[in-house]
Amino acid sequence: MLEIEQLSKQFGGFRAVNNCSFSVQKGTITGLVGPNGAGKTTMFNLIAGAFQPTAGKIRFLGEDVTSLSSDQLFHKGLVRTFQIPHEFHRLSALENLMLVPPSQKGESLFQNWLSYGSVKKQEEEVRQKALETLEFLELSHVANERAGNLSGGQKKLLELGRTMMTDAKLVLLDEPAAGVNRTLLRRLEDKILILNKERGYTFILIEHDMEMIEKLCDPVICMAEGSVLIEGDFQTVRSDARVLEAYLGE
Ligand code: ADP
């Protein structure tokens, strides 16, 4: 589904990502791990089109997407979880879902606004989808709560919900476990698994919580100092001497 070929990103004289190659198979949940400064976030920014690489290629579904913007990638179904924008904190959970732009061009609510007759229908469809998404995430009881008042875990679930409002095929999750209590962490893991197994989402996730990586991810890719150290199943990666050394040097 995604092929990273000899990808590099240089900031001034420093290579944050250095000649990395790996691929992500459709239907997997691929874990991206590594000590701080390994280049994981930079890799996500490259894949999601936020940064242009210094060298190398990115292919998504067989197409060279190296020079595409995050907006163009979004329309192709490559979606990075949206942090809830600051100004959306005062909007309700339901409104946060309803305001996600549709990923198919020509379906925007605004465009339909112009054709007055269909706007009500369109809005009702979006509302239904948002309500179903909240139900799936077990957040129906906070539908009308301001997003800013939700707990850390509820916000993460809502961020996942925002990707579900699109036609996402590949979803990049950046530290989903950060700031989430144990109970909601289990629910978040369960929802990611259901989306993967039953709804066909492919995920790449950056995570420091090794329990979550072990439960969800196969394969696991470990980066260090801008390079891919090893790729394999969780146990193989965790017990690799180079990986242990990289984490010890953190
Ligand atoms: P990780 O997510 O694995 O912690 P990052 O991708 O955030 O690693 O960072 C990798 C390295 O690149 C770090 O040394 C960081 O300081 C550097 N870096 C990241 N972004 C920039 C930037 N915009 N300008 C300069 N250096 C950067």
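Helices (H or I, at least four residues) and strands (E, at least two) are taken as DSSP runs and numbered from the N terminus. The structure is a predicted model, in which local features need pLDDT of at least 70 and side-chain atom pairs count only at pLDDT 80 or more, while totals for chains, interfaces and linings use all residues. Residues are numbered from 1 along each chain as its sequence is written, and side-chain values use heavy atoms, with hydrogens and water left out.

Thr-54 is located in the loop that runs between α1 (40-47) and β4 (55-60). With a relative accessibility of 43%, Thr-54 is classed as partly exposed, a category lying between buried (under 20% relative accessible area) and exposed (over 50%), as computed with a 1.4 Å probe on protein chains only. When residues up to four places away in sequence are not counted, Thr-54 touches Ser-8, Lys-9 and Gln-10, contact being defined as heavy atoms within 4.5 Å. A polar atom of the Thr-54 side chain lies 2.7 Å from the backbone nitrogen of Gln-10.

As for the interior, the largest nonpolar core (a set of buried Ala, Val, Leu, Ile, Met, Phe, Trp, Tyr and Cys residues joined through side-chain atoms within 4.5 Å) has 47 residues, and those with the most contacts inside it are Leu-134, Leu-158, Leu-160, Ile-192 and Phe-203. Helix α7 (residues 182-197) gives the most to this core, contributing five residues. Apart from this core lies another, of 27 residues, which includes Val-24, Leu-32, Ile-58 and Phe-60. Outside its neighbours within four places in sequence, Leu-134 is in contact with residues including Ala-93, Leu-97 and Leu-158.

Methods:
Polar contact = N/O pair within 3.5 Å; in protein donor to acceptor, adjacent residues only side chain to side chain.
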